[in-house]
Amino acid sequence: DIKGFAFDLDGVIADTARFHGEAWHQTADEVGTTWTPELAEGLKGISRMASLQMILDAGDHANDFSQADKEALAEKKNHNYQQLISTLTEDDILPGMKDFIQSAKAAGYTMSVASASKNAPMILDHLGLTEYFVGIVDPATLTKGKPDPEIFVRAAEVLHLDPENVIGLEDSAAGIASINGAGETSLAIGNADVLSGADLNFESTSEVTLANIEAKMQ
Ligand code: B16
Ligand code: MG
């Protein structure tokens with residue numbers, strides 16, 4: 001039975017996926033890569049440097065950039081992203097997620113965060129949610145990013161639970177693959193066609209409640 005939840009952050013708890021998209025769109029324009037909805041979707045959950053590489057690979061100029069250029073581009077993107085998220089407040093929690101987190105805590109579930117974002121602790125502070133989580137996996141300590149299972153394996157360790165007792169929540173295909181690889185139950189939020197590998201599918205965060213999860217697990 002389920003005893004805990006491992007949450008992705010961007011696109012699950014906070015409406016920040018659009019800010020990542022906006023900042024990466026600027027990078028794509030700068031390096032001459034055409035920005036498409038497919039590229040935007042594929043970047044979700046992918047680490048900063050791997051995201052940049054995907055943007056370069058999608059254009060014709062992938063080989064024009066040195067390692068130093070890439071680091072500067074990633075740094076600039078993060079600067080732009082941090083500007084965009086500097087005004088985040090509790091109002092930017094996605095619909096229903098505060099209620100879900102509070103009711104899960106009240107019902108005795110433990111919760112951790114499995115975000116690829118190095119900005120996750122700051123964002124949780126802005127949203128006033130830090131206290132609900134027993135821990136946040138530090139993505140700087142990972143050897144591989146999503147879709148590798150490592151981050152969700154670590155999120156279960158933070159909870160002191162076996163993976164089979166954990167539900168992982170994700171909005172990205174890379175994240176669902178990571179949860180499945182870790183041996184947890186995967187709960188996808190978003191387009192069920194894009195996230196078809198998940199055990200449980202929800203259209204939007206507002207549908208994620210303990211009762212709805214129980215109903216889908218039957
Ligand atoms: P940062 P998640 C991911 O967060 C985002 O989905 C992805 O777009 C971003 O590139 C990645 O974090 C790294 O973020 O540049 O802030 O370290 O969805 O895993 O919570
Ligand atoms: Mg996400």
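Here is a short walk through this predicted model, starting at its ligands and ending at two spots in the backbone.

Let us begin with ligand 1. The space it takes up is the largest pocket, and 17 residues surround ligand 1 there. The closest of these are Asp8, Asp10, Ser115, Ser117 and Asn119. If you sort the shell by character, you will find seven charged residues, six polar ones and four nonpolar ones.

Now look at the backbone around ligand 1. A polar backbone atom of isoleucine 46 is 2.7 Å from an oxygen atom of the ligand. Further along the chain, a polar backbone atom of alanine 116 lies 2.8 Å from an oxygen atom of ligand 1, and for a polar backbone atom of lysine 118 the distance to a ligand oxygen is 2.7 Å. How much of ligand 1 does the protein cover? On its own, ligand 1 has 460 Å² of accessible area, and the protein covers 98% of that.

Next comes the magnesium ion, which is ligand 2. Its protein donors are Asp8 (OD), Asp10 (O) and Asp171 (OD), at 2.1 to 2.2 Å from the ion. Asp8 and Asp10 may look familiar, as they are also among the residues closest to ligand 1. Along the chain, the magnesium donors are spaced as D-x1-D-x160-D. Distant parts of the chain are linked in this way: aspartate 8 sits in the loop between β1 (4–7) and α1 (17–31), while aspartate 171 belongs to the loop between β4 (166–170) and α8 (173–182), 163 residues apart.

Finally, two loops deserve a look at their backbone angles. Most residues other than glycine have a negative phi, and most peptide bonds are trans. Against that background, the bond joining lysine 146 and proline 147 is a cis peptide, with omega at about 15°. Proline 147 lies in the loop between β3 (135–136) and α7 (150–159). On the other side of that helix, in the loop between α7 and β4, you reach histidine 160. Histidine 160 is not a glycine, yet its phi is positive, at about 55°.

Notes. Residues are numbered from 1 along each chain as its sequence is written. Chains are lettered from A and ligands numbered from 1 in the order in which they are written. This is a predicted model: local features need pLDDT of at least 70, side-chain atom pairs count only at pLDDT 80 or more; totals for chains, interfaces and linings use all residues. Side-chain values use heavy atoms; hydrogens and water are left out. A residue is near a molecule or strand if one of its heavy atoms lies within 4 Å of it. A polar contact is a pair of N or O atoms within 3.5 Å; within protein, one must be able to donate a hydrogen and the other to accept it, and residues adjacent in sequence count only if both atoms are side-chain atoms. Accessible areas come from the Shrake-Rupley method with a 1.4 Å probe; for residues, only the protein chains shown count as cover. On a 1 Å grid over the protein atoms alone, a cavity is a set of points where a 1.4 Å probe fits but cannot get out, and a pocket is an open set with protein on both sides within 12 Å along at least five of seven lines; lining residues have an atom within 4 Å of a point. A molecule sits in a cavity or pocket if more than half of its atoms lie within 2 Å of its grid points. Ala, Val, Leu, Ile, Met, Phe, Trp, Tyr, Cys and Pro count as nonpolar, Asp, Glu, Lys and Arg as charged, and the others, Gly among them, as polar. Donors are N, O and S atoms within 2.8 Å of the metal (3.2 Å for Na, K and Ca); water is not among the atoms, so sites may look incomplete. Helices (H or I, at least four residues) and strands (E, at least two) are DSSP runs, numbered from the N terminus.
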